[in-house]
Amino acid sequence: MWEKIRVIFTVPELRKRILLTLFLLAIYRVGWQITLPMVDAELAQQSAEQNSNFSQFLEQVSVFSASSLQQMTIFGLGIMPYISASIIFQLLGTVYKPIEDLQKEGETGRKKINEYTRYATVVLCLIQSFVYVRMMLLPGADGETIVNSAFWASPDNPTLTLGWQFVAVMIMTCGTIFLMWLGEQIDEYGIGNGISLLIMAGIVAQMPMAGLDLLQNSTFELNNFSPEKYGLETIITLVVLFVAVVSGVVFITQAQRKIPTQSAKHVRGRKVYGGTKQFLPLRINQAGVMPIIFASSLLMFPQIIFQGLASWTGNSMFDELARSFGQGSSFLYNLCYIVMIYFFCYFWTAITFNPKDVSDNLRNFGSFIPGYRPGRRTAEYLEKVMVRITYVGASFLVVIAIIPTLISTGMGVSPMVASFYGGTGLLIAVSVAFDLVQKIDSHLVMRNYKGLLEA
């Protein structure tokens with residue numbers, strides 16, 4: 001392995017791309033630490049400690065947005081507006097004819113959609129940053145604020161002025177646009193997918209804190225799985241579970257259902273062309289990480305809604321429901337989580353995989369699936385296969401999604417440590433790591449070197 005890493009840095013172009021990517025990621029991490037000029041960092045930390053439930057809500061959003069919502073930095077929104085805009089246009093491609101036509105135009109249509117996505121990102125940034133500033137930087141019902149007193153309109157009125165609110169909105173909007181530009185530069189001149197690498201960098205950056213928390217609360221003695229300290233048996237169990245979970249994620253991420261196909265024979269003169277047997281690969285986890293992102297995002301709203309109903313009606317039942325959804329470990333929360341993951345798996349697969357288009361493409365290229373006539377019969381067969389393997393992929397996502405909750409509640413492990421045993425963060429990290437390895441392999445193979453995954 002060390003020899004392969006040495007080979008990577010002996011290729012001048014590949015070395016240049018990797019170093020540039022690391023430099024741009026370092027810029028992102030520096031900006032991630034810079035708070036808004038009007039925010040008092042100490043007051044913000046105290047507010048986060050007092051409102052732990054709301055801080056957990058912001059932390060869940062930050063996981064898949066490469067942001068720092070708790071610290072209110074210049075990159076506070078992360079790249080979530082860009083991801084949201086991309087998802088919106090992908091969904092529009094299934095229901096809006098002009099966008100669908102652009103998707104079929106190849107490189108020209110893709111560039112046009114990317115242009116529309118950037119414009120939509122700016123609009124979403126302005127809206128989200130305005131809501132964020134109004135929610136976080138203005139005094140609450142108790143009159144407390146995290147804004148530095150130098151930015152108040154007057155000593156008796158601890159409210160951020162309208163001008164400084166506008167400045168905060170523009171800073172956060174420009175921060176997101178800058179991150180979008182960083183991602184595009186990594187795509188163009190670096191290595192890997194820029195946006196995905198930014199998200200992965202935010203996830204991996206939490207590992208030192210989780211490791212430090214694990215070491216500080218560990219003892220290298222047997223303590224019968226005591227929740228007070230992580231004993232030796234707990235540490236060994238965590239290590240074995242981590243290896244098993246990562247191995248399972250890798251296996252399912254790479255798993256495919258290969259559909260045999262055969263091309264038709266063409267006789268030209270005395271030569272016969274075609275007739276070769278090939279495979280049509282269908283991914284087991286076709287939906288990727290999107291079902292978990294959708295499910296976890298939507299499950300943030302019931303807590304807010306039930307808290308509002310509880311304060312409005314004074315009914316204790318709504319208060320109990322708000323606590324159930326706020327904990328993330330209740331039976332009701334996990335039941336809703338599982339059902340929504342299954343639903344969004346089939347929903348996202350139906351959007352991204354069209355059996356009719358695949359069947360038409362096979363027929364246009366002169367290929368067919370043995371035993372099924374081209375056209376409607378082939379499309380029906382592909383749809384039936386996709387329904388079956390999607391169920392397997394959805395079951396895998398459900399297991400990965402609830403493992404952190406089981407470890408946290410069953411073994412008394414802190415949520416920060418348990419989050420690396422499944423959920424959105426682990427799936428994103430593994431998927432991006434595989435994509436990065438494949439990009440590096442393509443450069444190595446092109447120069448007659450062995451790939452990183454080759455023996």
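**Figure 1. Aspartate 435 and its salt bridge in helix α19 of the predicted model.**
Aspartate 435 has a relative accessible area of 26% and is therefore classed as partly exposed. Its salt-bridge partner is lysine 439, and the closest N and O atoms of the pair are 3.6 Å apart. Lysine 439 is also partly exposed, with a relative accessible area of 33%. Both residues belong to helix α19, where a spacing of four residues places them about one turn of the helix apart. Under the rule used here, eight salt bridges are counted.

**Figure 2. The salt-bridge network of Lys356, Asp360 and Arg363.**
These three residues, Lys356, Asp360 and Arg363, are joined into one network by salt bridges that share partners. In the salt bridge between arginine 363 and aspartate 360, the N to O distance is 3.1 Å. Why are arginine 363 and aspartate 360 separated by about one helical turn? They are three residues apart in helix α16, which covers residues 355–364, so about one helical turn separates them. Arginine 363 counts as partly exposed, because its relative accessibility is 45%, between the limits of 20% for buried and 50% for exposed.

**Figure 3. Helix α2 and the surroundings of histidine 443.**
Glutamate 13 and arginine 17 lie four residues apart in helix α2 (residues 12–32), about one turn of the helix. Their side chains meet in a salt bridge, 3.5 Å from N to O. Glutamate 13 is partly exposed, with 38% relative accessible area. Both members of this pair are also touched by histidine 443, whose contacts are Glu13, Leu14, Arg17 and Ile191 when residues up to four places away in sequence are left out. Histidine 443 sits in helix α19 (residues 423–446). Is histidine 443 buried or exposed? With a relative accessible area of 13%, histidine 443 is buried, since the limit for that class is under 20%.

**Figure 4. Valine 249 in the largest nonpolar core.**
The largest nonpolar core contains 69 residues. Those with the most contacts inside this core are Tyr28, Val249, Tyr337, Ile341, Ile407 and Leu427. Helix α17 (residues 376–411) supplies the largest share of the core, nine residues. Which residues does valine 249 touch, not counting residues up to four places away in sequence? Valine 249 touches Phe396, Ile400, Leu426, Leu427 and Val430. Another core lies apart from the largest one and has 14 residues, including Phe353, Leu362, Leu382 and Ile389.

**Figure 5. The largest cavity and its lining.**
Rolling a probe the size of a water molecule over the atoms shows where empty space is left. One cavity of 30 Å³ or more is counted in this model. The space in the largest cavity is about 40 Å³. Its lining consists of Thr253, Arg283, Asn285, Gly288, Val289, Leu397, Leu427 and Ser431. By residue class, three of the lining residues are nonpolar, four are polar and one is charged. Leu427, one of the lining residues, is also among the residues with the most contacts inside the largest nonpolar core.

**Figure 6. Valine 133 and valine 169.**
Valine 133 is part of helix α7, which spans residues 107–136. It counts as buried because its relative accessibility is 1%. Along the chain, valine 133 and valine 169 are 36 residues apart, while 7.0 Å separates their C-alpha atoms. For the protein chain as a whole, 66% of contacts between residues at least 6 apart in sequence join residues at least 24 apart. Buried residues account for 43% of the 455 residues in the chain. The chain has 19 helices and seven strands.

**Figure 7. Glutamate 221 in the loop between α10 and α11.**
Where is glutamate 221 found? This residue, glutamate 221, is in the loop that runs between α10 (207–216) and α11 (232–254). Glutamate 221 has a relative accessible area of 55% and is therefore exposed. The C-alpha atoms of glutamate 221 and leucine 232 are separated by 5.3 Å, although the two residues are 11 apart along the chain. Leaving out residues up to four places away in sequence, glutamate 221 touches Gly231, Leu232 and Glu233.

Key: Residues are numbered from 1 along each chain as its sequence is written. This is a predicted model: local features need pLDDT of at least 70, side-chain atom pairs count only at pLDDT 80 or more; totals for chains, interfaces and linings use all residues. Side-chain values use heavy atoms; hydrogens and water are left out. On a 1 Å grid over the protein atoms alone, a cavity is a set of points where a 1.4 Å probe fits but cannot get out, and a pocket is an open set with protein on both sides within 12 Å along at least five of seven lines; lining residues have an atom within 4 Å of a point. Grid points are joined across faces, edges and corners, and a volume is the space filled by probe spheres set on the points. Ala, Val, Leu, Ile, Met, Phe, Trp, Tyr, Cys and Pro count as nonpolar, Asp, Glu, Lys and Arg as charged, and the others, Gly among them, as polar. Helices (H or I, at least four residues) and strands (E, at least two) are DSSP runs, numbered from the N terminus. Buried means under 20% relative accessible area, exposed over 50%, partly exposed in between (1.4 Å probe, protein chains only). Contact means heavy atoms within 4.5 Å. A nonpolar core is a set of buried Ala, Val, Leu, Ile, Met, Phe, Trp, Tyr and Cys residues joined through side-chain atoms within 4.5 Å. A salt bridge is a side-chain nitrogen of Lys or Arg within 4 Å of a carboxyl oxygen of Asp or Glu.
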